[in-house]
Amino acid sequence: MARPKKILIPRDNFNQFDCFNSKERLINIFRKKLGSLADFYGFSKTHTSPFENHRFFSPLTKAGLLDDREFVIHKNKINDFITLRPSSILSALRAYITNKLFDLSHPLKMSVDEECFRANSKEAAGLVVYPDFSLLMFGEANAVAEAEIFQVVWQSVRDLGFPTDKLEVKINSLGCKECRPSYRSTLSAYLRSRLSRLCKNCKKDLKVSPTNIFSCGEEKCKIVAGNAPAVLDFLCEACKKYLRELLEFLDEMSIPYLLDGKFFRDRSLYNKIIWEIWATGTAQPVEEGGDSNIKDYLIGEGGGLSGVFEILSERPLDVFSGTVFVENLERFVFQEKLLLGGNPKPNIFLIQLGELAKRKSFGLMENLRKAGIEVGESLSKDAIKSQLKSAEVAEVALILGQKEALDRTIIVRDTQSGIQETVPQDKLIDFLKRKLEKQNQL
Ligand SMILES: [Zn+2]
Ligand SMILES: [Zn+2]
């Protein structure tokens, strides 16, 4: 077995892995939305072990699909290499294989939402911890598997309020065992005949990964890549049919996509099909006061995993997956200052004045919660000024003072218009429901 060359021991400064307030709230919204859609489409929630035996994944590193240096590895007393969960997909594949789920009824659908760990020497702590949400479907050969996974990822991002014009979908067929070799050899021959026009890296990659030319940023390589043969012209009948069916599904769902025969990724685990969803930043020219740090974010990707599955299990099986990079969703929302659907700010905010009102507030909050009405509060604050400030974001402020607490009434104030009325507390829930209904109709 190939041993990892280096044991990575994180240094310190783990504050960056703590998550608070708005970031945590957003990430939770994403996870909830993804989880509920996955649930609706019948993907069963699966938790995987945070620890993995590195040995299990070494066939993939041997095949050049993974880099040992990216694992967060610990060597235990019996000289085994324990790694922290490297990605939700890899752990899900391992869970399927070692729990011997082959005999269950198929297609088998899994959704996995986990924290994952990657070693990264460029980071201060020597590692990256990130939430990774993936869907997997085992044992379904038809393009419907891929389309369904894509649909859940796409729809959840759309439901969150990401505008379609900020989303870009790239898709390509990578070919299969039958048709890929002829494409590879044609592309390699084409590049060899133009060797003098390639950069150093592309020359070096030519033997192992000739498709790297398509992601090279060098101008001269871009020109060579522009005229290079595209994989789509080399697909066998089965690959063509599969791609056609998948695109028909996407058309049916009105999902805009760019079919790009020169879209490949180095060290990709995917085979058969590869797709990516990008959120594109609204960049304005710096000279017009724009921010030069505006970035595009990769928010989702997917494709076939049958090749990886076969390497790990030595059994053939159709496996497809899609992954959402939850942290990139959060970064993009932050960058673009997007206001998402499912905004966590409550529409209603409770203000209490005086000791009696504060005590009575607990019962009131509980009644509202039971009625399914979300209410913000700042029970720990006493000053009306600071409470009003907190209530500014809400559409309705409920004000409970000493007098109202004694009368069993409450003041309902429209924060926009400033209009307020006094409502008996036992009529409050009906009153608020009617008010919220009216607002939703607007
Ligand atoms: Zn093929
Ligand atoms: Zn190049």
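## Exercises on strands, a sheet and a helix pair

In this predicted model, R413 has Q420 in β16 as its bridge partner.

**Exercise 1.** Place the R413 pair in its hairpin and find which strand lies on the other side of β15.

*Solution.*
- Step 1. Start from the pair R413 and Q420, the latter in β16. Strand β16 covers residues 420-424, and five bridges join β15 to β16 in the antiparallel sense.
- Step 2. Look at the connection. β15 and β16 make a hairpin with five residues between them. G418, in the turn, has a positive phi of about 80°.
- Step 3. Turn to the other pairing of β15 (residues 409-414): strand β14 (residues 396-400) pairs with β15 over four bridges, again antiparallel. Here I399 is opposite I411 in β15.
- Result. β15 is paired with β14 and with β16.

**Exercise 2.** Work out the strand order of the open three-stranded sheet and explain why β2 and β3 each have one side without a neighbour.

*Solution.*
- Step 1. The order is β2-β4-β3, and the pairing is antiparallel.
- Step 2. β2 (51-53) and β3 (73-75) are the edge strands; each has a single partner strand, so one side of each lacks a neighbour in the sheet.
- Step 3. From one strand to the next, the twist averages 35°.
- Step 4. Check one pairing by residue. Three bridges link β2 with β4 (residues 81-84) in the antiparallel sense, and F51 has L84 in β4 as its bridge partner.
- Step 5. Add the helix. α2 (residues 54-62) packs on this sheet and touches β2, β3 and β4. The direction of α2 makes about 60° with that of β2.

**Exercise 3.** Describe how helices α4 and α8 pack, and classify the residues in their contact.

*Solution.*
- Step 1. Two packed helices are described by the angle and the distance between their axes. For α4 (residues 143-159) and α8 (residues 237-252), the angle is about 35° and the axes are 9 Å apart.
- Step 2. The handedness of the α4 and α8 crossing is right-handed.
- Step 3. List the residues. α4 contributes A143, V144, E146, A147 and F150, which meet Y242, E245, L246, F249 and L250 of α8.
- Step 4. Sort by class: the contact of α4 with α8 holds eight nonpolar, two charged and no polar residues.

**Exercise 4.** State how confident the prediction is, overall and by helix.

*Solution.*
- Step 1. The protein chain has an average pLDDT of 88, and 92% of its residues score at least 70.
- Step 2. Confidence is highest in helix α3 (residues 88-98), at 97, and lowest in helix α12 (residues 384-391), at a mean of 79.
- Step 3. Where pLDDT is low, predicted coordinates should not be read in detail.

How values were computed:
Residues numbered from 1 in each chain as written. Chains lettered and ligands numbered in written order. Predicted model: local features only at pLDDT ≥ 70, side-chain atom pairs only at ≥ 80, totals over all residues. pLDDT = per-residue confidence, 0-100. Helix = DSSP H or I, 4+ residues; strand = E, 2+ residues; numbered from the N terminus. Pairing = 2+ DSSP bridges. Axes fitted to C-alpha atoms, helices over the stretch in contact; angles between N-to-C directions. Left-handed = near helix turned anticlockwise from the far one by under 90°. Contact = placed C-beta atoms within 7 Å. Nonpolar A, V, L, I, M, F, W, Y, C, P; charged D, E, K, R; others polar.
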